[in-house]
Amino acid sequence: MKTKLSLLLICVALAGGCSRYERKEEPVTVPAPVVVTRGQEESETKKEEDQTPKIEIEVTTKGPRSRHAPVKVKGIYISAYVAGTKAMMDEIIRQIDETEINAVVIDVKDDNGRITFPMDTPMVNEIDAVKKFIPDIEGLVKTLKEHNIYTIARVVAFRDPYLPEKKPELALKLGDGSIYRDSKGLAWVNPYKQEIWDYLVEVGIGAHAAGFDEVQFDYIRFSTEKGINRVVYDEEDMKGRSRTDIITEFIDYAHEKLEEEGVYVAADVFGAIIESGVDSDSVGQSYGDMANHLDYICPMIYPSHYGDGNFGIAHPDMEPYNTILAALKGSREVLDSHKEEERSQAKVRPWLQDFTASYLDHHIHYGDEEIRQQIQAVYDAGYDEWMLWSAACRYHWGGLKSAEEAKEEQARESGVVVQDVGKAASSPQETEDSRPGTPVGCFDMGLKVGRKGCFGGQKRSFRRQAA
């Protein structure tokens, strides 16, 4: 028997009673805004929302739903603005069809705390959180599914400048009772508040109802900016729990609730916290502990985010392959030490850098070769999933394999022999070019796979040229 989510939330409340350095990216280029009067803006927004069906959530009371088979994700980030602009999405989907990319991470609850498409859930309605960047979410998800693209909902968690304006009691506050704001003037919500946990779960279930396969929490942490040490917490909320305790508890809670709905759960974490106890305690992210309560853990190991000298590398941004490899070797060591019997551990799916960090004194331009080097480092570290981040959603497609090459690689990994036209199939052999993670076609193109990745120092594209 199915009931509305509001009933679920009441039950949760009766029964029961966490994040990222600022990404310094290229600015997102969007058209100049249309200037309208306040009344006109509200009228137009209301008119549009009245004409757009909201996603209604139904939950089952018959027990946990089964989840589909996991997907080895090779994904890219898509902002809500781009996702809601048909011409842009059509071009991105065209590029995806021609490459190895098989997944997209789309803003559902964005960096400003707004829900990016109409969603009919209790808290979303109460605080009027919807800002309709994506006018036809059902149509978008349908199109993505038709192209066999795995869909991941990005849900920004505890940096939420919108919710505190509607519910100040949920905000981080200073000793004088005023709302804490970071250097950008943005408010954060209090991770110790159960009501916020339920709201984030509500949004995750809403995303799944809209057709998303997975929920990925971002900013699942405490702020690290100046003034955060002046924030005061109510002991009644804290109950003696540390920052890392509460973030891990939230992860466990959200995973349990969303798993019951058949949703995979992921979380983005700082790359710096993997082997640093100081950074871990500051943001509230314990890499090993969090991995024991998630399906996927997504360290943001952008080379530009590591200071000079990290991993013994003079300028990490200038050595993408070595930086990614070192970060992921550290990941494996930490996770191996945190394994628990009879508990599955999250798969590692790192975020890679597809932008040029021109704000650094020592940086290089990131193009096709630098993208491929990072991907190769993921494989050489023993992992097989990754995602590319560009805040502007401008990707270097030439650094990716073609769709045909990706299929050949998948066939090799599964032991299936791909028979070329006019050639007899033979038993698969262990060759240098068939090692797991080796880019298909490297040796055919006369390139070597080594510390510099598949390109061998040359800017060569994996995209097949038209005949």
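Q: What makes Arg-94 and Glu-98 a salt bridge?
A: Happy to walk through this one, keeping in mind that the model is predicted. The closest N and O atoms of Arg-94 and Glu-98 are 3.0 Å apart. The cut-off is a Lys or Arg side-chain nitrogen within 4 Å of an Asp or Glu carboxyl oxygen, so the pair qualifies. In general, side chains of opposite charge can pair when their charged atoms come close.

Q: Where do Arg-94 and Glu-98 sit relative to each other in helix α4?
A: Both belong to helix α4 (residues 86–98), and because they are 4 residues apart, about one helical turn separates them.

Q: Why is Arg-94 called partly exposed?
A: Its relative accessibility is 37%. Partly exposed covers what lies between the buried limit of under 20% and the exposed limit of over 50%, so Arg-94 fits. Glu-98, at 32%, is partly exposed by the same reasoning.

Q: How do you know that Arg-372 and Glu-100 form a salt bridge?
A: Their closest N and O atoms are 2.7 Å apart, which is within 4 Å and therefore meets the rule. This pair links distant parts of the chain: Arg-372 lies in helix α14 and Glu-100 in the loop between α4 and β5 (103–109), 272 residues apart. Arg-372 and Glu-100 are both buried. They also belong to a network of salt bridges with Lys-74, Lys-401 and Glu-409.

Q: Why does the contact between Asp-336 and Lys-339 count as a salt bridge?
A: The N to O distance is 3.7 Å, and the limit is 4 Å, so the pair counts. Asp-336 is partly exposed at 43%, whereas Lys-339, at 55%, is over the 50% mark and therefore exposed. By this rule the structure has 26 salt bridges.

Q: What makes β4 and β15 a strand pair?
A: Strand β4 (residues 74–78) and β15 are joined by 3 bridges and run parallel. Pairing needs at least two bridges, so they pass. One bridge partnership is Lys-74 with Trp-386. Strand β14 (residues 351–353) also pairs with β15 in the parallel sense, over 3 bridges, and there Trp-351 partners Met-387.

Q: Which elements make the right-handed β-α-β unit?
A: They are β14, helix α14 (residues 368–380) and β15.

Q: Which way do the side chains of β15 point?
A: In β15 (residues 386–389), Trp-386 and Leu-388 point one way and Met-387 and Trp-389 the other. In a regular strand the side chains alternate between the two faces of the sheet. All four of these β15 residues are buried.

Conventions: Residues numbered from 1 in each chain as written. Predicted model: local features only at pLDDT ≥ 70, side-chain atom pairs only at ≥ 80, totals over all residues. Heavy atoms only, no water. Buried < 20%, exposed > 50% of the residue type's maximum accessible area, 1.4 Å probe, protein only. Right-handed = clockwise from strand over helix to strand, strands pointing away.
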